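This report describes one protein chain, going from a pair of hairpins to the fold as a whole and then to a helix and a single loop residue. Please keep the sequence and the 3D view at hand while reading.

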Amino acid sequence: MQSEVSTYLHYMGSENVRSRDLDLKEGINGAMRRLRNSQFVLACQCVVSGSHITLIDSQRRSFSKRLFPLSSIVYCEQDQDVFAFITNKDKIHVCHVFTKMGKCDIDAVCQAILMRSKQSSNP
């Protein structure tokens, strides 16, 4: 059984990736630009397990827990201190954007998501 990867991040928010975006990379980069300076910031714990990503709102300001099945992750990107992934549910792509919080290891989270989402799509 695979171990969990966990870190604390600032959740900047989410937005739909419009169909006019030519590809997912452009969509995620656009969302990163728009949300990078957001006033809406939540301190969250991000846990990547064998089957899903769990976000836990540390202060319970917006939600207590959100689950994202790894099978719904269609793209993941890291840009310096900003990290994002795109989920697909019912043909709607939503980009979720995060920034570093303290000495978190964004690289480990991004790599865990990429590795485990590929495994979940290839049973």
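## Hairpins and their surroundings

In the hairpin formed by S5 and S6, where two residues lie between the strands, glutamine 80 adopts a positive phi near 55°. The model is a predicted one, and the values below are computed from it. The next hairpin, that of S6 and S7, likewise has two residues between its strands, and there aspartate 90 takes a positive phi near 55°.

Strand S6 takes part in both hairpins, pairing with strand S5 (residues 73-79) in the antiparallel sense over six bridges and joined to strand S7 (residues 92-100), also antiparallel, by eight bridges. The table sets out these two pairings with one facing pair of residues for each.

| Strand pair | Sense and bridges | Residues standing opposite |
|---|---|---|
| S5 and S6 | antiparallel, six bridges | isoleucine 73 and threonine 87 |
| S6 and S7 | antiparallel, eight bridges | lysine 89 and isoleucine 92 |

Strand S6 (residues 82-89) is largely enclosed by the rest of the structure, because six of its eight residues are buried.

## The chain as a whole

The secondary structure of the protein chain amounts to two helices and seven strands, which follow one another along the sequence in the pattern β-α-β-β-β-β-β-β-α. Of the 123 residues in the chain, 45% are buried, and the chain exposes about 7100 Å², of which carbon and sulfur atoms supply 48%. Among contacts between residues at least 6 apart in sequence, 57% join residues at least 24 apart.

## Helix H1

Helix H1 (residues 24-35) has twelve residues, which at 1.5 Å a residue should span 16 Å, and because its end C-alpha atoms are 16 Å apart, the expected span and the model agree. The buried residues of this helix are Gly27, Ile28, Gly30, Ala31, Met32 and Leu35, and the buried residues of H1 pack against strand S1 (5-16) as well as against S5, S6 and S7. The strands of the two hairpins are therefore among the elements that H1 packs against.

## Serine 49

Where does serine 49 lie? Serine 49 is found in the loop between strand S2 (42-48) and strand S3 (52-57). Its relative accessibility is 10%, and since a residue under 20% is classed as buried, serine 49 counts as buried. When neighbours within four places in sequence are left aside, serine 49 is in contact with Glu4, Leu70 and Arg116.

Terms used:
Residues numbered from 1 in each chain as written. Predicted model: local features only at pLDDT ≥ 70, side-chain atom pairs only at ≥ 80, totals over all residues. Heavy atoms only, no water. Helix = DSSP H or I, 4+ residues; strand = E, 2+ residues; numbered from the N terminus. Buried < 20%, exposed > 50% of the residue type's maximum accessible area, 1.4 Å probe, protein only. Contact = heavy atoms within 4.5 Å. Pairing = 2+ DSSP bridges. Areas by Shrake-Rupley, 256 points an atom, 1.4 Å probe, with all protein chains shown as cover. Expected span 1.5 Å × (residues − 1).
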